[in-house]
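Welcome! Here is a short briefing to help you find your way around a structure you have not met before. Take a look at it first, and then read on.

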Amino acid sequence: MAILLSGRTADTQNSLKLDELTPREIVAELDRYVVGQTAAKRAVAVALRNRIRRQKLPAEISRDVLPKNILMIGSTGVGKTEIARRLSRLANSPFIKIEASKFTEVGYMGRDVESMVRELTEVAVDMTRQVAFDEVRPRAEENVEERILDILLPSSSYSYGVGFDDEAGEPEATSTARTRSKLREQYRRGELDERLIEIETQDRSNTMIDFVGGQGMEEMGVNLKDMFGTIFPTKTVRRKTRIAEARMALLRDETENLVDMEQVTRQAIERTQSSGIIFLDELDKIAGRESGSGGPDVSREGVQRDLLPIVEGTNVNTRYGLVNTEHILFIAAGAFHVSKPSDLIPELQGRFPIRVELESLNLDDFKRILIQPKNSLIKQYKALLNTEGITLEFTDDAISRIAEMAVQINQTTEDIGARRLHTLLEKLLEDISFAGSDLEPKHQRLDAVFVSDRLGGLVGDQNLSRYIL
Ligand SMILES: Nc1ncnc2c1ncn2[C@@H]1O[C@H](COP(=O)(O)OP(=O)(O)OP(=O)(O)O)[C@@H](O)[C@H]1O
Ligand SMILES: [Mg+2]
């Protein structure tokens, strides 16, 4: 039964397409998960929309419209990564989030910056392949049905078997057709699921090659599996399975056969180039110029220098072909506590023209973060404990009290933003979580007094709260 609710239901959520959303709608979507931070949300929304606008321009202009990369600055735990995480769910553009601190300068052990473009292409290929798979699925399912029916009723049995029908004077072909359609009905109703049949499927047990290949090879844009694939063409294996399982295995083979991988690859590369988004988190961790103290700083600056051409636009060799990074949108984020954006090498600063600052969270924000977002912390804990029959009820004054404590501890010790709520709640619910289903009564009402009892002592004592909360 369909119940129409005002606003969005879970179903329409999945069909939301970032490409069709106006900046206002993108912000509204983000609002469902991220409290406050309007400036950052708006900047991100505009940047995304501009890419859609660009794609509608004639080629000679659109080539020159480069994305305006964004730098989000804000102290720890205020929602930078959270915005990225929510965007990625929303995005039907290829999107990856990656920590800048993971990279090392070319020539050193570790990941070089080009690998992020390879990763993005990989995401695009997966997305495109999935779309292609969904398209051919009905046909693949038909094929599988025929194949399974062929196995159940091999053509050799046409001349033997079903003998009694002959007595009725029916031609054999019709009687086989009748049996087949009867089987088909049974198959469709799932009545044959438990029956065993022998099928021939592609051998996918080449995990060994994956293991040998490892990440290093992947980074060089070499796919060992493909290489071996051409040396040892895909084998097929015969095995006996339940029809229910056979259907899944055959479906995979059939879909793969029906999809033109070359076309998928071409589309995927096109998609990466024109609508890919790379979220570069923790950019501040590679800030800092050669300071004379040597050590890690030298390498950091190297990473920054390696980043330049990629952000500016260069061709990166991936296992699917060359990918041009000119129109990929980069959104960088960092707390910039220790280093400042001005500590980045000037060329890199210039490549992130849009700066947005995320505000520190206040008491009211904390209260809202606890309850408002879809799947907020409080909702998560309620759901978790509900699996064991416990219903948690937080009174309004309990929520306020938790938020107040978070503010207080952030002030007296270190400001870790909304992450403080995580540590506080975990401590608060420690005993309840531990008791779980043994807890009585099943309905637990938590009020301000409960919160103060549990956490008051810790919050009051700076030393204690520094270590425990
Ligand atoms: N504005 C916000 N709205 C809702 N939840 C938030 C917000 N800010 C932070 N949170 C919560 O705090 C957690 C940490 O936030 P997030 O990962 O975005 O921090 P960050 O800004 O990336 O910090 P860092 O600089 O340390 O990486 C998130 O998992 C989220 O639950
Ligand atoms: Mg972060």
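The points below cover the ligand site, the nonpolar cores, a strand pair and some backbone details.

This is a predicted model. A good place to begin is ligand 1, which has 18 residues around it. From there you can move on to the largest nonpolar core, which has 82 residues.

**Around ligand 1**

- Thr76, Gly79, Thr81, Glu82 and Ala418 are the residues that come nearest to ligand 1.
- Helix 5 (residues 80–90) gives the largest share of the shell, with three residues.
- By type, the shell holds seven nonpolar, eight polar and three charged residues.
- Domain 1 (13–123 + 271–357) and domain 3 (363–468) each supply at least three residues of the shell around ligand 1.

**The nonpolar cores**

- In the largest nonpolar core, the members that touch the most others are Val44, Met72, Ile331, Ile402, Leu421 and Leu424.
- This core lies between domain 1 (13–123 + 271–357) and domain 3 (363–468), because both give residues to it.
- Beyond its neighbours within four places in sequence, Ile331 is in contact with Val44, Asn69, Ile70, Met72, Ala84, Ile277 and Phe279.
- There is also a second, separate core of seven residues, and among them are Val144, Ile243, Ala246 and Leu250.

**A strand pair to look for**

- Strand 6 (residues 315–318) and strand 7 (residues 321–324) run antiparallel and are joined by four bridges.
- The link from strand 6 to strand 7 is a hairpin through two residues.
- Within this pair, Asn315 has Asn324 in strand 7 as its bridge partner.

**Backbone details**

- Most residues other than glycine have a negative phi, and most peptide bonds are trans.
- Glu282 is not a glycine, yet its phi is positive, at about 55 degrees. You will find Glu282 in the loop between strand 5 (277–281) and helix 13 (296–312).
- Is Glu282 buried, exposed or partly exposed? Glu282 has 18 other C-beta atoms within 10 Å, so it counts as partly exposed.
- Asn375, also not a glycine, has a positive phi of about 55 degrees. Asn375 sits in the loop between helix 15 (363–371) and helix 16 (377–386).
- Asn375 counts as exposed because it has 10 C-beta neighbours inside 10 Å.
- The peptide bond between Glu440 and Pro441 is cis, with omega about -10 degrees. Pro441 belongs to the loop between helix 19 (430–435) and strand 11 (443–446).

Definitions and conventions
Residues numbered from 1 in each chain as written. Chains lettered and ligands numbered in written order. Predicted model: local features only at pLDDT ≥ 70, side-chain atom pairs only at ≥ 80, totals over all residues. Near = placed C-beta within 6 Å. Nonpolar A, V, L, I, M, F, W, Y, C, P; charged D, E, K, R; others polar. Domains from an automatic or database assignment. Pairing = 2+ DSSP bridges. Buried ≥ 20, exposed ≤ 12 C-beta atoms within 10 Å, placed from the backbone. Core = buried A, V, L, I, M, F, W, Y, C linked by C-beta atoms within 7 Å. Contact = placed C-beta atoms within 7 Å.
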